[in-house]
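Hi,

Here is the structure I said I would pass on. Have a look at it first, then read my notes below.

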Amino acid sequence: MLIILLVEWNSIAMNKHFSFILFVFGLIFISLVMEKFLINENHYYEYYASQLSLNQIDSLINNQSKWSWVGYLLLPVIYLLKFSMLSIWILVGIIFFSYKTSFKKIFHLVIVSEFVFLIPAFIKVVWFGLIHTDFTLEELSYFTPLSVANLFDLQQLDPWWVYPLQSINLFELIYILVLAFGIRNLIKLDYSEALKFTIPVYGSGLIIWIV
């Protein structure tokens, strides 16, 4: 049902510019809620207590408050690059397999599919905002809803294991299914064939990104 709703939304509602703006605003809203309502100074003092002096922590908090707007300004740039790279990667795969579509259509599909990843971000806000309210910055950063990472104590693992384990999650699977559904419409394939195309093409790009 989620896949059908997202694809119908893609085909009916929006052009790529509006989709991109809406996604970025959704991301900024969730980030602002986390920064303003979930994280407080005590989290920083607790996290950096063994690494920095109190004056250094104070300075870090002040700089964080002063310059946080820069991060929000960079979000559109970062995601524009991400969506462009992924769209180019998929387009190369489409050309390689002798299918035909346009970069604009792929780019729009990639943006709409990416809305799937706002769901775990929202779950994260609800979890730490209403349920597990006594948390540390490490718990906040490591938490990935419905991922393989939850089966491990990430603080005890080498850091290079964290992101790969976090990337194996239910929402990554849903993203692939949504992407395949859209690709089916773009290059006129059966869904099973579109899935066979999407998994190796997107999967190889994800592996390169992780590495």
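Let me start with burial: of the 211 residues in the chain, 41% are buried, where buried means under 20% relative accessible area, exposed means over 50% and partly exposed lies in between (1.4 Å probe, protein chains only). Keep in mind that this is a predicted model, in which local features need pLDDT of at least 70, side-chain atom pairs count only at pLDDT 80 or more, and totals for chains, interfaces and linings use all residues. Residues are numbered from 1 along each chain as its sequence is written, and side-chain values use heavy atoms, with hydrogens and water left out.

As for the overall build, the chain has 10 helices and 0 strands; these are DSSP runs numbered from the N terminus (helices H or I, at least four residues; strands E, at least two). The C-alpha atoms fill a box of roughly 60 × 35 × 30 Å along the principal axes. If you take the contacts (heavy atoms within 4.5 Å) with a separation of 6 or more, 65% of them are between residues 24 or more positions apart.

Now the helix pair I looked at. Helix 2 (residues 16-38) packs against helix 4 (residues 54-96) at an angle of about 140 degrees, and their axes are 10 Å apart. The axes are lines fitted to C-alpha atoms, for helices over the stretch in contact, and angles run from 0 to 180 degrees between N-to-C directions. That angle makes helix 2 oblique to helix 4, because under 35 degrees counts as roughly parallel, over 145 as roughly antiparallel, 65 to 115 as roughly perpendicular and the rest as oblique. The crossing is right-handed, meaning that the near helix is turned clockwise from the far one by less than a right angle (anticlockwise would be left-handed). Residues of helix 2 that take part include Phe20, Phe23, Leu27 and Glu35, and among those they meet in helix 4 are Ser68, Tyr72, Tyr79 and Phe83.

Some of those names come back in the ring pairs. Phe20, Phe23, Tyr79, Phe83, Phe103, Phe107 and Phe115 are linked into a cluster. How many aromatic pairs are there in the whole structure? The search finds 19, counting rings of Phe, Tyr and Trp (its six-membered ring) with centres within 6.5 Å; planes under 30 degrees apart are stacked, over 60 edge-to-face and the rest tilted. One of the pairs is Phe96 with Phe97, which is edge-to-face at 5.3 Å centre to centre and 85 degrees between the planes. Phe96 is exposed at 65% relative accessibility, while Phe97 is partly exposed at 43%.

Right after that pair comes a backbone oddity to check: Ser98 has a positive phi, near 65 degrees, without being a glycine. Ser98 lies in the loop between helix 4 and helix 5 (103-114) and is exposed, with a relative accessible area of 63%. Leu146 also has a positive phi, about 55 degrees. You will find Leu146 in the loop between helix 7 (137-142) and helix 8 (162-167), exposed at 52%.

Finally, what does Leu137 touch, leaving aside its neighbours within four places in sequence? Leu137 is in helix 7, buried at 14% relative accessibility, and its contacts are Ile39, His43, Tyr44 and Tyr47. The C-alpha atoms of Leu137 and Tyr44 are 7.5 Å apart, with their positions 93 residues apart along the chain.

Cheers
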